[in-house]
Amino acid sequence: HQNQVMRMSTFPTITILMLSLVVALFAPDTHAGNQAYTPLSASVRAVLHSSISDMTAPKLAFATQYEADVWMNEMSHRLEKRLPDRVYRLDLLKAIHYEATRAGLEPELVLGLIEVESGFKKYAVSSVGARGLMQVMPFWVKEIGTVEHNLFHLRTNLRYGCTILRHYLNIEKGDLFRALGRYNGSLGKPVYPNLVRAAWHKHWVLPSRIQ
């Protein structure tokens, strides 16, 4: 994923420790995405629709089975207190890794975003109507999906959320700070991007991958 640069240098220079304290303070609540509707060109809509529609079975993309096992076991352990059901937890992690990788995102970033957005509540609904794990606004189904798409379905929600974040990253030319602002409907404001970054680095990044 190094070729798809996410410029973390655009974040304000706040320490991870301070950000972690903010995450802890806000943890009981969700910070649901209020993605603003903006008309899409026909070509962009077609690309996003194609991405949403391809629902092939998820598979882990690692160099070796050992690496896959290490990642799954470590992330499962970290998520256990939030999601005690091991079968569901492993299915979720496999789907997150697949959908994130497919969209050119770090799976650990997506885990951090889900933590902030919904607290891993599959059926979360925000005050503005955003739905599911990644708090996707329903207008996206009409815009790039089909009527049978259910945003409370685990893989559907992850597919939409990862596709939308990748779309915003493309708009912002890899600037993750601004892309996260768009995802949350708070473009230019530091609170939400900093919360996601803190959750990502504190709870999900393996030590050797902290940037």
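**Exercise 1. Which helix supplies the largest share of the lining of the largest cavity?**

Keep in mind that you're working with a predicted model. Let's take it step by step.

*Step 1.* Start by looking for cavities: searching the whole structure for cavities of 30 Å³ or more turns up 1. The volume of the largest cavity is about 40 Å³.

*Step 2.* Now list the lining, which consists of Ala36, Tyr37, Thr38, Leu40, Phe139, Trp140, Glu143, His167 and Tyr168.

*Step 3.* Match those residues to helices. At least two lining residues come from helix 6 (139-144), and at least two from helix 7 (154-171). Helix 6 takes the prize, with 3 residues, the largest share.

*Step 4.* Sort the lining by class, and you get 6 nonpolar, 2 polar and 1 charged residues.

**Exercise 2. Decide whether Trp204 is buried or exposed, then find what it touches**.

*Step 1.* Find Trp204 in helix 9, which covers residues 191-204.

*Step 2.* Check the number: Trp204 has a relative accessible area of 2%. Buried means under 20%, so Trp204 is buried.

*Step 3.* Look around Trp204. Leaving out residues up to four places away in sequence, Trp204 touches Met75, Arg78, Leu79, Glu108, Leu111, Gly112, Glu115, Phe120 and Ala199.

*Step 4.* Try a C-alpha distance too. Pro107 sits 97 residues from Trp204 along the chain, yet their C-alpha atoms are separated by 8.9 Å.

**Exercise 3. Classify Glu74 by its accessibility and give its C-alpha distance to Trp204**.

*Step 1.* Glu74 belongs to helix 3, residues 65-79.

*Step 2.* The relative accessibility of Glu74 is 27%. The partly exposed class lies between 20% and 50%, so Glu74 counts as partly exposed.

*Step 3.* Between the C-alpha atoms of Glu74 and Trp204 there are 9.1 Å, although the two residues are 130 apart along the chain.

**Exercise 4. Describe how helix 5 and helix 8 pack**.

*Step 1.* Know what to report: a pair of packed helices is described by the angle between the axes and the distance between the axes.

*Step 2.* Helix 5 (residues 107-117) packs with helix 8 (residues 176-184) at an angle of about 35°, and their axes are 13 Å apart. As for handedness, the crossing of helix 5 and helix 8 is right-handed.

*Step 3.* Name the residues in the contact. Helix 5 brings Leu109, Leu113 and Glu117, while helix 8 brings Leu176, Leu180, Tyr183 and Asn184.

*Step 4.* Finish with the classes: this contact of helix 5 with helix 8 has 5 nonpolar, 1 polar and 1 charged residues.

Terms used
Residues are numbered from 1 along each chain as its sequence is written. This is a predicted model: local features need pLDDT of at least 70, side-chain atom pairs count only at pLDDT 80 or more; totals for chains, interfaces and linings use all residues. Side-chain values use heavy atoms; hydrogens and water are left out. On a 1 Å grid over the protein atoms alone, a cavity is a set of points where a 1.4 Å probe fits but cannot get out, and a pocket is an open set with protein on both sides within 12 Å along at least five of seven lines; lining residues have an atom within 4 Å of a point. Grid points are joined across faces, edges and corners, and a volume is the space filled by probe spheres set on the points. Helices (H or I, at least four residues) and strands (E, at least two) are DSSP runs, numbered from the N terminus. Ala, Val, Leu, Ile, Met, Phe, Trp, Tyr, Cys and Pro count as nonpolar, Asp, Glu, Lys and Arg as charged, and the others, Gly among them, as polar. Buried means under 20% relative accessible area, exposed over 50%, partly exposed in between (1.4 Å probe, protein chains only). Contact means heavy atoms within 4.5 Å. Axes are lines fitted to C-alpha atoms, for helices over the stretch in contact, and angles run from 0 to 180 degrees between N-to-C directions. A crossing is left-handed if the near helix is turned anticlockwise from the far one by less than a right angle, and right-handed if clockwise.
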